[in-house]
Amino acid sequence: MVSVGKVLLGVFGVAVVVILIAVPTAIYLKDEQGGNKNHRAFTLEDVFNSSLKPKSYSLMWISDNEYLRKSEGSVYLHDVLTGKSEEFLSKDKFNEKNAYDYQLSADHKYVAFMSNHSKLWRHSFTASYSLYDRLLETFFTPSDIPDEVQYFAWAPQGHKLAFVWGNNVYIKTSPGSARQQVTFNGEDNWLLNGIPDWVYEEEMFSTNQGLWWSPGGKHVAYAEFNDTEVHNIEYTWYGEKQYPSTVSIAYPKPGTPNPVVKLFVVNTDNVTEITEVLVPASFSTSEHYLATVTWVTDTRIAVQWLKRVQNHLILQIYSLSGSRWDPVENLELTSSTGWIGRFSPPEPVFAADKNSYYLLMSDPKGYKHIHHVEGGKATQLTTGDWEVINIVKVTADSVYYSSNEDGNRPGGRNVYRWTKQGTTCLTCSLHGERCHYNSAYFSHDASFYRMSCSGPGIPYHSLMDNRNNTEKEALEDNKAFSDLISDIKMPTMRRGIIKIGGYNLWYQMFLPPGFDESKKYPLLIDVYAGPCSQKADYVYRVSWATYLASTEKIIVASFDGRGSGFQGDKLMHEIYKRLGTFEVEDQITAAKQFIKMGFIDKDRVAIWGWSYGGYVTSMVLGSGSGVFKCGMAVAPVSKWIYYDSIYTERYMMEPSENPDFYANSTVTARAKNFHSVQYLLVHGTADDNVHFQQAAEISEALVDEQVDFEAMWYTDKDHGLGDSAYQHVYTHMTHFLQRCFA
């Protein structure tokens with residue numbers, strides 16, 4: 001094992017080459033060199049002005065040629081074949097239930113209006129659901145759906161529905177039928193049915209969904225999360241009462257007991273008929289995760305099981321045989337260089353005939369590509385030194401996917417169509433240099449799609465006819481936004497490559513209006529740098545960085561070093577079992593290279609980041625590099641043994657298997673090096689994700705070393721520092737940065 005300190009010394013021996021990529025900037029953020037002196041700067045207040053952000057265009061396809069869109073409080077049905085639209089759900093119905101959203105049954109006959117939203121964790125919430133009959137134009141009263149429902153889902157056909165309340169699963173065979181209770185053992189922080197516990201929600205599923213309807217609505221699969229052995233994290237909720245309360249969450253940390261998860265299937269026509277889908281025998285004696293659940297037909301289901309170490313996976317297909325789910329086909333995947341997938345494993349997408357499926361997995365060269373799996377045998381369909389991002393849609397003759405192949409731009413995205421005859425890019429040539437980051441949302445049979453161009457120019461959304469790949473209609477061209485910023489001095493963008501250790505590593509820079517290479521500018525590194533992250537991309541953003549460049553004349557740069565994503569496993573797995581090494585070192589190297597470009601003031605260089613970015617910021621400032629004058633860390637990790645098991649062990653294994661790198665990757669061990677930098681530490685006291693404990697440890701270590709530093713806490717705020725804290729934290733960091741660069 002090599003210590004972090006020794007690894008950081010290696011930076012001086014690494015050959016570094018900087019390559020400037022010429023990128024047109026006139027479209028991107030307006031080239032203001034020598035611009036109109038009457039134009040105003042983009043202010044800090046503008047950062048929080050929603051009208052000074054480009055608009056998106058949200059819609060929901062409900063057939064191959066119809067979509068729903070909410071506008072001015074009502075929902076309208078749009079027919080793209082006729083071009084006509086009509087009111088589908090009136091504003092009055094929303095107001096009647098004080099509803100903020102809705103869910104439509106598959107047969108379009110019923111609506112569940114959602115109200116009383118109460119956020120729990122990142123994805124989870126409770127809400128009230130009021131059922132409405134569109135034909136009779138009446139609500140079902142009285143309702144037997146309780147308030148504070150934890151999850152709700154219509155069946156993919158007809159109008160059966162399932163919901164979770166009190167950590168138990170319920171089924172209704174129709175909106176007017178009585179609810180039927182499926183599980184009876186649910187209990188907060190102890191045993192959850194149909195919804196994930198904290199760590200599964202955050203790290204494995206990235207959703208609050210823990211139940212899955214079969215395609216025809218015959219069955220519901222649901223997961224049971226048993227947290228009885230999981231240790232709890234506790235923190236104080238100050239609130240408004242005379243005495244604060246304590247929040248307790250089952251939260252597994254590295255090397256501690258994980259939730260035990262089982263998968264069951266209930267027959268929705270007879271809810272007493274419940275069967276378990278058993279983990280493969282080879283995994284049953286070792287710790288494992290339930291990774292994905294995908295129905296194939298009403299009687300076939302595909303489940304991915306992942307070992308706790310996350311480098312060994314089985315995709316098992318089961319078939320219903322009487323009252324048993326028998327394993328009929330499997331695909332086994334292992335990784336010798338790191339973990340499987342980018343984060344949690346991607347879900348299989350089944351072919352139209354349901355006899356085979358498509359799966360995103362690493363090819364022999366370590367790039368993520370589409371494979372066609374039939375009878376347990378995988379055949380690679382796409383190939384090249386680039387990566388498929390995800391499979392977007394599968395039809396009878398085509399596979400649509402997103403990739404970063406076009407123009408050798410890892411930070412770009414385009415949508416492609418694969419058929420047996422060849423591959424076509426649908427979006428590569430649309431709108432020229434304005435659009436290098438494109439996505440598509442297809443109608444049911446893929447005859448039409450919404451094309452969303454997110455940058456580098458001002459975002460543009462259009463309705464495309466996929467039968468001849470022509471634009472039918474501009475849905476949102478953001479001309480109003482363009483007009484709004486026409487008298488504002490906006491930054492320009494520069495992109496380029498720094499070559500480190502044989503890798504082409506990308507950076508991007510927000511440059512102040514009227515940028516002059518003969519002048520010296522302060523530099524702020526905006527960092528995340530977590531495994532498979534990407535900050536240097538082709539997305540158009542209006543953010544705090546826009547203000548810093550426009551008003552404060554600060555260059556804001558981001559750099560994707562070793563460990564970053566979408567350029568192959570070799571680069572991404574460089575930090576496997578060694579978080580806090582290369583991804584930290586490479587930010588220091590990048591800053592040095594930026595200084596060498598000649599327009600950076602070497603005495604005014606700062607770094608900031610949030611979450612993993614706060615960790616890297618702190619590790620960089622504690623490295624003693626002498627490059628940075630100051631930095632701001634928001635909600636940082638201090639020690640990986642304090643973070644959750646699924647995320648941390650994916651990259652670091654368990655502490656007993658990798659003790660040296662756990663010990664050598666702490667911020668606290670570097671406390672003495674903070675004497676030479678100015679440091680702002682920020683955290684919310686109710687952070688359920690990166691606990692306030694992490695900042696408290698950093699604070700204690702700095703105090704023990706008699707380091708003078710600044711700190712800001714946000715009472716009862718979570719990891720996102722929402723509501724009033726959001727504007728406050730950016731204002732506070734602005735003032736800190738102004739003092740640092742004064």
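This passage looks at one buried glycine, one annotated domain and one pair of packed helices. The model is a predicted one, so local features need pLDDT of at least 70 and side-chain atom pairs count only at pLDDT 80 or more, while totals for chains, interfaces and linings use all residues. Residues are numbered from 1 along each chain as its sequence is written, and side-chain values use heavy atoms, with hydrogens and water left out.

G412 sits in the loop between strand 31 (399-403) and strand 32 (414-419); strands here are DSSP runs of E with at least two residues, helices runs of H or I with at least four, both numbered from the N terminus. With a relative accessible area of 4%, G412 counts as buried (under 20%, against over 50% for exposed and partly exposed in between; 1.4 Å probe, protein chains only). Beyond its neighbours within four places in sequence, G412 touches S403, N404, H436, Y437 and Y538, contact being heavy atoms within 4.5 Å.

As for the domain, an unreviewed UniProt entry lists residues 541-741 as "domain: Peptidase S9 prolyl oligopeptidase catalytic"; UniProt positions follow the numbering used here, feature names are shortened, and annotations may be inferred rather than shown by experiment. That span is 40% helix and 16% strand, and its end C-alpha atoms are 24 Å apart.

Helix 5 (residues 198-205) packs against helix 12 (residues 645-652) at about 45°, the axes being 8 Å apart; axes are lines fitted to C-alpha atoms over the stretch in contact, and angles run from 0 to 180 degrees between N-to-C directions. Helix 5 and helix 12 are therefore oblique to each other (under 35 degrees is roughly parallel, over 145 roughly antiparallel, 65 to 115 roughly perpendicular, and the rest oblique). V199, Y200, E203 and M204 of helix 5 meet S645, I646, Y647 and R650 of helix 12.
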